[in-house]
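Hi there,

Here is the structure I promised to pass on to you. Have a look at it first, then read my notes below with the viewer open.

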Amino acid sequence: MEKPIEKSLLLTISDDHTASSNLRFIDHFFGSPCEFHFTLFYVAPRSSVSGYDPLDPGAATLLELDKRKRSKGHEYLEIARSWLASHMCDPSRVKKKLIHTSMGPVPEIIHEGHQGMYDAVVLGRRGLGWFTELVEDSVSHQILWRQIDFPIWICREHEFSARKNVLLCLGDAGPSIRMADHVGFMLSGMDRHRVTLFHVDNGKMSPDEAERVFEEARGALLSNHIDESLIDRKVVKAKSAADTILKESVDNDYAVVAVGRQAGAPSAMDKLFPGSVSTSLLRKITRSALWVSK
């Protein structure tokens, strides 16, 4: 195998450190991730107490509560750091970062994702609530569809140990090849997972177009030094791409379902009845981690 390429991930940490399914996913999926750098990221509310009267017991109480919240944030980060460091070859590769903000977690995660040049942003179960806000809120919705240019991993479950391999879903050429390159990069230097190139034939692509996407995706994996013996391909004829992908992921216990998506804002109807595969999967997938890349 080629020497592993170093990778950098941003892992969001919540108030409920027991729900850190993103940490558990990293541990089960990558084993001892010696070549990774991790930043554990916690968003704390900015203090709303300023210019208070020291003789006002109510204001003093608010200040004390604010200090406790900040202290808890550092505590959650340290618990996560210790847990992750104990599963790594080099604990010095784990960093902590706490941000105080009045904007809320979603804008801060997006800002840090762009500024830090991470290979992916990894959300856990509690972090999923933040991501759902992106989908359902009209303002944040625009941020997701137009301004995020890094892959996001959504990890819902605690237990990943029984699942292996990646279901790499192929549709439109551009997003599919970008995701294939991302999967190849993240798996480079590993041989513990197979990658299945999966296409749902619903009549929207000609056989020649589908074959071109297959070959380009395969080429992207090979260029990242994924062994050819670890690459499979599968085509299923069906009307609903999202439902077929969900069934395939459950039937074969995939650890990861990876999809690309086109940039651009959704229609008003799509917000209620999602037409894109990635949005449908985001709302329905439960057992596999979902990797989404624009």
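Let's start with the second largest pocket, which holds about 160 Å³ of space. Of the 10 residues lining that pocket, P151, R178, D181, H182 and S293 are the closest to its centre. Keep in mind that all of this comes from a predicted model, not from an experiment.

What sort of residues make up the lining of this pocket, nonpolar, polar or charged? The split is three nonpolar, two polar and five charged. As for where they come from, helix α6 gives the largest share of the lining, with four residues.

So have a look at α6 next. The helix covers residues 173-187, which makes 15 residues. From its first C-alpha to its last, α6 reaches 21 Å, close to the 21 Å expected at 1.5 Å a residue. Plenty of its residues are tucked away: P175, S176, I177, M179, A180, H182, V183, G184, M186 and L187 are buried. Notice that H182 is on that buried list and is also among the residues closest to the centre of the pocket. Just after the helix you'll meet G189, with a positive phi of about 85 degrees.

Two other residues have a positive phi as well, and neither is a glycine. N165 has a value of about 75 degrees and lies in strand β6, residues 164-169. H225 has about 70 degrees, and you can find H225 in the loop between α7 (207-223) and β8 (231-237). Is H225 buried or partly exposed? Its relative accessibility is 42%, so H225 counts as partly exposed.

Now for the aromatic rings. A handy thing to know: a pair of aromatic rings is described by the distance of the centres and the angle of the planes. How many aromatic pairs does a search of the whole structure find? It finds 10. One of them joins F25 and W291, an edge-to-face pair with 6.5 Å from centre to centre and 85 degrees between the planes. F25 belongs to helix α1 (residues 21-30) and W291 to strand β10 (residues 289-293), so this pair ties together parts that are 266 residues apart in sequence. F25 counts as buried because its relative accessibility is 1%, and W291 counts as buried at 0%.

Then there is F30 with W153, a stacked pair: 6.1 Å centre to centre and 20 degrees between the planes. Why does this pair tie together parts that are apart in sequence? Because F30 lies in helix α1 and W153 in strand β5 (residues 152-154), and those parts are 123 residues apart. F30 is buried, with a relative accessible area of 6%, and W153 counts as buried at 0% relative accessibility.

If you zoom out a little, ring pairs link F25, F29, F30, F36, F38, W153 and W291 into a cluster. Both of the pairs I described have their residues in that list.

Last, two places where a charge meets a ring. The charged end of R24 sits over the ring of W83, 5.7 Å from the ring's centre. R233 has its charged end over the ring of F214, 3.9 Å from the centre of that ring.

Happy browsing, and shout if anything looks odd!

Conventions. Residues are numbered from 1 along each chain as its sequence is written. This is a predicted model: local features need pLDDT of at least 70, side-chain atom pairs count only at pLDDT 80 or more; totals for chains, interfaces and linings use all residues. Side-chain values use heavy atoms; hydrogens and water are left out. The expected span of a helix is 1.5 Å times one less than its number of residues. Buried means under 20% relative accessible area, exposed over 50%, partly exposed in between (1.4 Å probe, protein chains only). On a 1 Å grid over the protein atoms alone, a cavity is a set of points where a 1.4 Å probe fits but cannot get out, and a pocket is an open set with protein on both sides within 12 Å along at least five of seven lines; lining residues have an atom within 4 Å of a point. Grid points are joined across faces, edges and corners, and a volume is the space filled by probe spheres set on the points. Ala, Val, Leu, Ile, Met, Phe, Trp, Tyr, Cys and Pro count as nonpolar, Asp, Glu, Lys and Arg as charged, and the others, Gly among them, as polar. Rings of Phe, Tyr and Trp (its six-membered ring) pair if their centres lie within 6.5 Å; planes under 30 degrees apart count as stacked, over 60 as edge-to-face and the rest as tilted. A charge sits over a ring if NZ of Lys or CZ of Arg is within 6 Å of the ring centre and within 35 degrees of the ring normal.
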